[in-house]
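Here is a short set of exercises to work through with the structure open beside you. Try each task before reading the solution below it.

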Amino acid sequence: MTEFSPFATPDQPWVGLTGSPLDRADHLRRDPGAMVALRSRPDARWLVLDQLKPVLTKGEHPDILWAYRSDVPHDATSVFLGLMPDNQGGAPRFAASAPATDLVEDFGGQVVDARAAAAILGDGRAEIIAQARSLIDWHARHQFCAVCGGKTVMNKAGYARSCQACGAEHFPRTDPVVIMLAVKGEHALVGRQPNFPKRFFSALAGFVEPGESLEEAVARELYEEAGIRTARVRYLASQPWPFPSSLMIAAFAEATNLDIILDADELEEARWVTKDEVRAALAGTGDWLAPPPMAIAHTLLKAWVS
Ligand SMILES: [Zn+2]
């Protein structure tokens, strides 16, 4: 019998929206004095989100337009993102929710939809957009206490809100979503939701419910949406998906039946596809369209055919 090795599987695959260069420096968030000092540093910069849309530079290779403190309204919601690596001086990075008019006019910035920005940027900067968008959105949605309805205020540099009436502490949400590729022999299951672009298919997905393991969520979703029963579940990778606050957990599911019973409320169509069909779809030459590289469903499909 071969001895169990926890790392006997291949290396972790590349996943979009991951790989931030920032050190989140949690120990500094709890230190108001340290935060004041970081905000005052000459190399401190802000990523501005206007209505949750990041401000980028223009040109052939857009980048995050890192704004100076003086360009951010003093009453804007401002959160600490982290410190740049030591070889960049550990420069502090923040995000703020503010109108982008001045940045666009004075510095030639452009306001870009967050999902489009993440797709353009890549290389860890997309993950900074993800972190900022998720956090800023959470503050906008949690102005009032879920326990007593009292007004809440931000603390821990943006990683908590406290209720001024009852003292309850609230923390940023992360909602787990399983996304799974059901596999049976030489076939994998892809489906399309009614709102997907034409010809677009992806792995099936769904929110994890209270009192449920990830494996149970995978099996339940596959059965609910497509009538597929699951034997084994194998974790592949995870991805933050800040639209608004999901954590995508990608897995392979070993299916035990091929007959699809569609839940028409969830899916418009589901079909079993071969590896050759998936390779063609990933290359953009198939008769259906696969998710773009930024999506973890792309990572799943790619891992299955590689
Ligand atoms: Zn309260």
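Helices here are DSSP runs of H or I with at least four residues, strands are runs of E with at least two, and both are numbered from the N terminus. Please keep in mind that this is a predicted model.

**Exercise 1. Getting an overview**

Task: Find how many helices and strands the chain has, and which domains it is assigned.

Solution:
- Step 1. Counting the runs gives eight helices and 15 strands.
- Step 2. The C-alpha trace spans about 60 × 50 × 45 Å along its principal axes.
- Step 3. The domain assignment splits the chain into domain 1 (26-141), domain 2 (144-172) and domain 3 (175-305). Between the C-alpha centres of domain 2 and domain 3 there are 36 Å.
- Step 4. Of the 306 residues, 36% are buried. Among contacts with a separation of 6 or more, 64% join residues 24 or more positions apart.

**Exercise 2. A sheet of three strands**

Task: Work out the strand order of the open sheet that contains E8, and say which strands stand at its edges.

Solution:
- Step 1. The order is E7-E8-E9, with antiparallel pairing.
- Step 2. Strand E7 (152-155) and strand E9 (169-170) each have a single partner strand, so they are the edges, and one side of each has no neighbour in the sheet.
- Step 3. Look now at the pairing of E7 with strand E8 (residues 160-163): four bridges hold this antiparallel pair. One bridge to check on screen sets Thr152 opposite Cys163 in E8.

**Exercise 3. Following strand E2**

Task: Trace the pairing of E2 with E1 and E6, then decide whether Pro54 is buried or exposed.

Solution:
- Step 1. Strand E1 (residues 45-50) and strand E2 (residues 53-57) run antiparallel and share two bridges. In one of the pairings, Asp50 has Lys53 of E2 as its bridge partner.
- Step 2. The connection is a hairpin with two residues between the strands, and Gln51 in the turn has a positive phi of about 55°.
- Step 3. E2 also pairs with strand E6 (residues 109-111), antiparallel and over three bridges. Here Val55 is matched by Val111 in E6.
- Step 4. Pro54 belongs to strand E2. The cut-off for buried is 20 or more other C-beta atoms within 10 Å. Pro54 has 29 such neighbours, so Pro54 is buried.
- Step 5. Beyond four places in sequence, the contacts of Pro54 are Leu47, Leu49, Ile64, Val112, Ala114, Ala117, Ile129 and Ala132.

**Exercise 4. Two helices side by side**

Task: Determine how the axes of H4 and H5 are arranged, and which residues make the contact.

Solution:
- Step 1. The axes of helix H4 (residues 114-121) and helix H5 (residues 125-141) come within 7 Å, crossing at roughly 160°.
- Step 2. Angles over 145 degrees count as roughly antiparallel. H4 and H5 are therefore roughly antiparallel to each other.
- Step 3. H4 contributes Ala114, Ala117, Ala118 and Leu121 to the contact, while H5 contributes Arg125, Ala126, Ile129, Ala130 and Arg133.

**Exercise 5. Leu83 in its strand**

Task: Describe the strand that holds Leu83, and classify Leu83 itself by its C-beta neighbours.

Solution:
- Step 1. Leu83 lies in strand E4 (residues 77-83). Five of the seven residues of E4 are buried, leaving the strand mostly covered.
- Step 2. Six bridges join E4 to strand E5 (residues 92-97) in the antiparallel sense. Ser78, for example, has Ala96 of E5 as its bridge partner.
- Step 3. Leu83 has 19 other C-beta atoms within 10 Å, so Leu83 is partly exposed.
- Step 4. Leaving out residues up to four places away in sequence, Leu83 touches Leu22, Asp23, Ala25, Gly90, Ala91 and Pro92.

**Exercise 6. Helix H6 and its surroundings**

Task: Compare the span of H6 with the expected one, and find what its buried residues pack against.

Solution:
- Step 1. Helix H6 (residues 214-226) has 13 residues and reaches 18 Å from first to last C-alpha, close to the 18 Å expected at 1.5 Å a residue.
- Step 2. Its buried residues are Ala217, Val218, Ala219, Glu221, Leu222, Glu225 and Ala226.
- Step 3. Those buried residues pack against several strands, among them strand E10 (175-184), strand E13 (230-241) and strand E14 (246-255).
- Step 4. Just after H6 comes Gly227, with a positive phi of about 70°.

Notes: Residues numbered from 1 in each chain as written. Predicted model: local features only at pLDDT ≥ 70, side-chain atom pairs only at ≥ 80, totals over all residues. Domains from an automatic or database assignment. Pairing = 2+ DSSP bridges. Expected span 1.5 Å × (residues − 1). Buried ≥ 20, exposed ≤ 12 C-beta atoms within 10 Å, placed from the backbone. Contact = placed C-beta atoms within 7 Å. Axes fitted to C-alpha atoms, helices over the stretch in contact; angles between N-to-C directions. Parallel < 35°, antiparallel > 145°, perpendicular 65-115°, else oblique.
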